[in-house]
Amino acid sequence: MNALPSVATASFDPDVVRRQFPILDQEIHGRPLLYLDNAASTQKPVQVIDAISGYYRRDHSNVHRGAHALADRATAAFEKARMDVAAFLGGAKREEIIFTRGSTEGINLVANAWGRTHLGPGDEILLTAMEHHANIVPWQLVARFTGAVIRVAPVTETGELDLDAWKALLSERTRVAAMVHVSNTLGTVNPVAEMVACAHAAGAVALVDGAQAVNHFAVDVRAMNADFYVFSGHKLFGPTGIGVLYGREALLEAMPPWQGGGEMIERVSFEAGTTFTTLPWKFEAGTPHIAGVIGLGAAVKWLQGIDRDAAAVHEQGLLERVDAALAGMNDIRRIGTAPGRVAVASFLLAGAHPTDVGMLLDQQGIAVRAGHHCTMPLMERLGIPGTVRASFSVYNTIEEVDRFLEGLDKVRSFL
Ligand code: PLP
């Protein structure tokens, strides 16, 4: 294999970044861990691990309602993380950042709180065929409840959204268009700003599922003009069990709460009924995942501390290397070849089930994902049972790409 020029730049050195991720320094089945399952979940830098541990060691208390020093400290750290996330999304307002358990919960919140009050029989929900189940099933549930109808825009053979077909499905009946920013299975980046503009022109609101976008490039929700944008902390170098729903303030203001309980009320009375508190806490019932929020805050600060453009160039270098190699192999069928996609390589190896390929790679210490990747309708559309997916992140190296390709060669020898 030809040597590639070094991808290290003055401000982004993948080796320096890599050393900040302690989990990567271990052996699996006697071989150094090669982690290529980043679309499922990214690993955590020491800054995130330390922020969580430091919080539990020094500052833990419940937030918002305590009258003592620890409660003040925990609340300050929690609300600072909210402001850090707001800045990370391009300057959203504090009121617009709702902490959730993840992308899934964010979409369920919108489908329930917005959907049940705005959708009725015959109203349409426009989706794409490349959605993750998290952006399908909540809409199916609300459609069943309200009588709304789901429309699905097709995907081309190369794994791109058929934008003309999507536009043709927009009509005055469309109330909401929900779309994935970056496909977890294909790596395709959808033209979400254009799609949001079209949805608005049709009188619909637009929800963007950013679970696979925020870790690859900077996202500005204002420039995109999305009404709702969701992502998960664990795919962004942060903890599991925490995520974010960005919502346009006026929309959130007009929505009823979704879950009820402590923290989200102003006054509770059996006689007079309950009134709700202001944004963003109106949508945060119960004790929140405080450590998760603090860890997420540390993750976005960590990301902002690296040169993201250089990191994206590095990831693209990895993708080019793997793409060039896989494209030259006769027994490989690549799934998802859209131009401009993020560093995700989905493929099938002739004569082998994706799960077997995944297992044989694992025996060599190489972690990939095999299966339908929670995109069963997409698999059905492409007529395949699943794929092997190698997904790359900032800490992966060119040497690892080569080791992955050697690992694939070895898999062949077992078949
Ligand atoms: N949307 C996309 C595109 C995803 O890839 C995922 C997770 O894989 C989700 C939504 C759901 O994320 P979570 O399970 O963190 O809620």
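Helix α5 (residues 137–146) has five buried residues to look at: P138, W139, V142, A143 and T146. Here, buried means under 20% relative accessible area, exposed means over 50%, and partly exposed lies in between, with a 1.4 Å probe and protein chains only. Seen down the axis of α5, these buried residues fall within an arc of 135 degrees, so they line one face of the helix; the arc is that of the directions from the helix axis to the C-beta atoms. An α-helix has 3.6 residues a turn, so residues three or four places apart point the same way. The cover over the buried residues of α5 includes α4 (103–118), β5 (124–128), β6 (149–153), β7 (174–180) and β8 (205–209), where contact means heavy atoms within 4.5 Å. Just after α5, G147 takes a positive phi of about 85 degrees. Helices (H or I, at least four residues) and strands (E, at least two) are DSSP runs, numbered from the N terminus.

The model is predicted, and local features need pLDDT of at least 70, side-chain atom pairs count only at pLDDT 80 or more, while totals for chains, interfaces and linings use all residues. Residues are numbered from 1 along each chain as its sequence is written, and side-chain values use heavy atoms, with hydrogens and water left out.

A second helix, α7 (residues 192–201), can be read in a similar way. The buried residues of α7 are V192, M195, V196 and A199. Viewed down the axis of α7, they fall within an arc of 100 degrees, so they line one face of the helix. Among the elements covering them are β5, α6 (163–169), β7, β8 and α8. Just after α7, G203 takes a positive phi of about 90 degrees. Within this helix, A199 is buried, with a relative accessible area of 0%. Leaving aside neighbours within four places in sequence, A199 is in contact with W166, L170, A177, A204 and A206. The C-alpha atoms of A199 and L170 are separated by 7.1 Å, although the two residues are 29 apart along the chain.

The loop between β7 and α7 holds V189, which counts as partly exposed at 30% relative accessibility. Not counting residues up to four places away in sequence, V189 touches H181, V182, F217, G340, R341 and V342.

Another loop, between α8 (221–224) and β9 (228–232), is the place of D227. At 4% relative accessibility, D227 counts as buried. The side chain of D227 makes polar contacts with the side chains of H200 (2.7 Å) and R248 (2.8 Å). A polar contact is a pair of N or O atoms within 3.5 Å; within protein, one must be able to donate a hydrogen and the other to accept it, and residues adjacent in sequence count only if both atoms are side-chain atoms. Beyond four places in sequence, the residues that D227 touches include A204, V205, A206, Y246, G247 and L251.

Finally, the ligand is surrounded by 13 residues, the closest being T104, D209, Q212, S232 and K235; a residue belongs here if one of its heavy atoms lies within 4 Å of the ligand. Polar side-chain atoms of T104 and H132 lie 2.6 Å and 3.3 Å, respectively, from an oxygen atom of the ligand, and one of D209 lies 2.5 Å from a nitrogen atom of the ligand. Taken alone, the ligand exposes 390 Å², and the protein buries 85% of that, with areas from the Shrake-Rupley method with a 1.4 Å probe.
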